[in-house]
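Visitor: Could you take me slowly through one part of this model, and tell me how far I should trust what I see?

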Amino acid sequence: MIGAGYVVGFTIFTGTILFVFLMIAICFLVQRTSAYHHQQPAGTVPVHSINNFHPGIDEATIRQYPKLLYAEAKLHQGNSTSSCCSICLADYNDTDVLRLLPDCSHIFHLKCVDSWLRLHATCPVCRNSPLPEVMASVEVTS
Ligand SMILES: [Zn+2]
Ligand SMILES: [Zn+2]
């Protein structure tokens with residue numbers, strides 16, 4: 001009987017699929033629950049919450065650092081402005097948006113330094129931390 005074999009096979013197949021979906025759902029729920037219980041800084045959405053702990057700077061703090069166009073940076077800092085980004089090593093264009101680190105005044109592409117700061121709480125060039133106190137209190141600016 002081909003029909004019976006087909007039905008058994010189909011049942012096993014469907015059962016496996018359902019089981020996998022169930023496991024995914026359980027994993028998802030467990031992750032959500034533990035992420036909820038893990039203290040998140042208020043006002044930030046845990047977009048990259050694969051690891052609950054990362055040593056970098058949180059998004060809200062990074063966004064408080066001044067950003068400016070390269071054309072403006074040249075006006076402010078004159079010849080001391082570096083002409084290329086130390087992270088991606090590309091030359092700046094006047095229209096590139098840069099991020100200025102508050103302590104050491106080093107500048108980088110906004111997108112380059114933002115991804116760096118999410119992983120490292122230090123300046124890529126001089127290794128000074130742009131954080132006044134390490135995670136002492138997170139100011140909510142939303
Ligand atoms: Zn760059
Ligand atoms: Zn620096």
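Guide: What follows is a close look at the loop that holds Thr95, with a few other places taken up afterwards. Please keep in mind that this is a predicted model, in which the mean pLDDT of the protein is 80 and 75% of its residues reach 70 or more. Thr95 itself sits in the loop that runs between α3 (70-77) and β2 (97-100), and it counts as exposed because 8 other C-beta atoms lie within 10 Å, where a residue is called exposed if that number is 12 or fewer. Although Thr95 and Ala71 are 24 residues apart in sequence, their C-alpha atoms are 6.8 Å apart in space.

If you then follow the chain past β2, you come to the loop between β2 and β3 (107-109), where Ser105 is found. The phi of Ser105 is near 60 degrees, which is a positive value in a residue other than glycine, and Ser105 is partly exposed, since it has 15 other C-beta atoms within 10 Å. A positive phi also appears at Arg127, which is not a glycine either and has a value of about 65 degrees. Arg127 belongs to the segment after α4 (110-119), and with 9 C-beta neighbours inside 10 Å it is counted as exposed.

As for trust, the stretch to read with care is residues 134-138, where pLDDT stays under 50 and for which the model has 5 contacts beyond four places in sequence.

Key: Residues are numbered from 1 along each chain as its sequence is written. Chains are lettered from A and ligands numbered from 1 in the order in which they are written. This is a predicted model: local features need pLDDT of at least 70, side-chain atom pairs count only at pLDDT 80 or more; totals for chains, interfaces and linings use all residues. Helices (H or I, at least four residues) and strands (E, at least two) are DSSP runs, numbered from the N terminus. A residue is buried if 20 or more other C-beta atoms lie within 10 Å of its own, exposed if 12 or fewer, and partly exposed in between; C-beta atoms are placed from the backbone. pLDDT is the predictor's confidence in each residue, from 0 to 100. Two residues are in contact if their C-beta atoms, placed from the backbone, lie within 7 Å.
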